[in-house]
Amino acid sequence: MSGSAADPPSPDRLAGVFSVSSVRRVDGTVQYIGDPLVPPAAVAEQLRPVFRQQGYDVRLEELGPESAATAAATSNGGTTIVGDLDADDPITPNGSLNARQNQYALIAEPMDTDSGVPWLNIGLLLATIASTLYVGATAWYYIPVAEDPLRVFEAWPFVVAMLGVLGIHELGHYAAARYHGVDVTLPYFIPFPSYLGTMGAVINIRGRIPDRTALFDIGVAGPLAGLVATTIVTVIGLSIDPITVPERVANSDTGVIITFNYPLLFQALEALVNALGLGTEVGPGESVHPIVFAGWAGMFFTFLNLLPVGQLDGGHIVRSIVGQRQETVAAAVPGALFALAGYLYFTRDPPPVGFGVWGLWVFWGLFATGLAYAGPARPTVDTTLDRRRTLLGVFTFLLGLACFTPVPFEISAI
């Protein structure tokens, strides 16, 4: 819920940054029609403190000739003409300033001042902690929870590692969005009693993204922050002694063995840990510490999020670098995933239970199809991204490739 805002800034307070020809109020939103006096991408950033002081969020939109004419025309007294008009200025019959081509609208909306407790976020977080505790205890620590329910809390290191990686990823997006003045929610964790204990976390971007710079920063901040957390978690996990697999599990006639294949980044960190003398040996009847799996999951999630399609992180980054051509790139992603699924289907033996790993890529191919159809995020001002950020985007995708393995896991009988 939006709180009450003070009077919007007067056009005089925008001097030097934005030249105002008219001002219009529409249902609490204030539109300043005019032209930037600085690069368009810098207008909202420079004026944001002025508007926030009055309780408003602000963004800049470029108007086409027809939109500009509509916005500048007087409608039921909703437009106020600002400043003195010269004799040479084009005037409409009703006395308002005609829109010039390429005019812009500076849109000011009352800020969201709802300071209530985010109960939904808290509830989902608690539910995800519970599901991750249960999965961690039963699947990775081999604890017989049914016999001793309180032992479920022994899985807390797995929970901290898994939710820490996911949470820091989402908080990276959150911090970047807030930095650019984009209205965004806190993370929503998704509980799910699978091998991960969760389906991840998401944030909801409620405000308009002002430009490609903001879109890039929001998109790239999550993967980079998440990879820092993933690296720390992986190194810690590889440095901790493995756990012993109970005989009841090792000698089970109905159980299966899930082997996780490590991507290039994981292998590099493993080599580093061993070179530093911090690594541990996994002997017969032992399994790597569950924290290692949290690091593996962080890399897997990072790769999936960096698929350059729709409103995934990779889609945001590519959209900010290449503009509308991102849709061409996104159209190729489902085909590539389906091709990988087909190759694995015909070249690998089926597992003893469930679908093969090809099913994973079929699912993501279908998901990517939906994301590509929905389209990417569209910044308000579609200006070219600077070279420094472009290079950072390329580097981020290289990190994403280092998190990829075509066969993330294999299932075999005990």
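**Note on the predicted chain and its nonpolar patch at Val 117**

1. Val 117 sits in the loop that runs between strand E5 (104-110) and helix H3 (119-140); it should be kept in mind that the coordinates come from a predicted model.

2. With a relative accessible area of 46%, Val 117 counts as partly exposed, because that class lies between the 20% limit for buried residues and the 50% limit for exposed ones. Together with Trp 119, Ile 122 and Leu 126, Val 117 makes a nonpolar surface patch of about 440 Å².

3. As for the annotation, an unreviewed UniProt entry lists residues 119-143, 155-176, 188-206, 218-240, 288-307, 328-346, 358-377 and 389-409 under "transmembrane region".

4. Two of these listed spans can be set against the model's secondary structure. Residues 155-176 are 95% helix and 0% strand, with 32 Å between the C-alpha atoms at the ends of the span, whereas residues 389-409 are 67% helix and 5% strand, with the end C-alpha atoms 34 Å apart.

5. Taken over its full length, the chain contains 12 helices and 11 strands, and 46% of its 414 residues are buried. Among the contacts with a separation of 6 or more, 76% are between residues that stand 24 or more positions apart in the chain.

6. The accessible surface of the chain amounts to about 20,700 Å², and carbon and sulfur atoms contribute 60% of that area.

Definitions and conventions: Residues numbered from 1 in each chain as written. Predicted model: local features only at pLDDT ≥ 70, side-chain atom pairs only at ≥ 80, totals over all residues. Heavy atoms only, no water. Helix = DSSP H or I, 4+ residues; strand = E, 2+ residues; numbered from the N terminus. Buried < 20%, exposed > 50% of the residue type's maximum accessible area, 1.4 Å probe, protein only. Contact = heavy atoms within 4.5 Å. Areas by Shrake-Rupley, 256 points an atom, 1.4 Å probe, with all protein chains shown as cover. UniProt positions renumbered as here; feature names shortened; annotations may be inferred. Patch = residues over 30% accessible without salt bridge, like charges linked within 9 Å, V, L, I, M, F, W, Y side chains within 5 Å. Salt bridge = Lys/Arg side-chain N within 4 Å of Asp/Glu carboxyl O.
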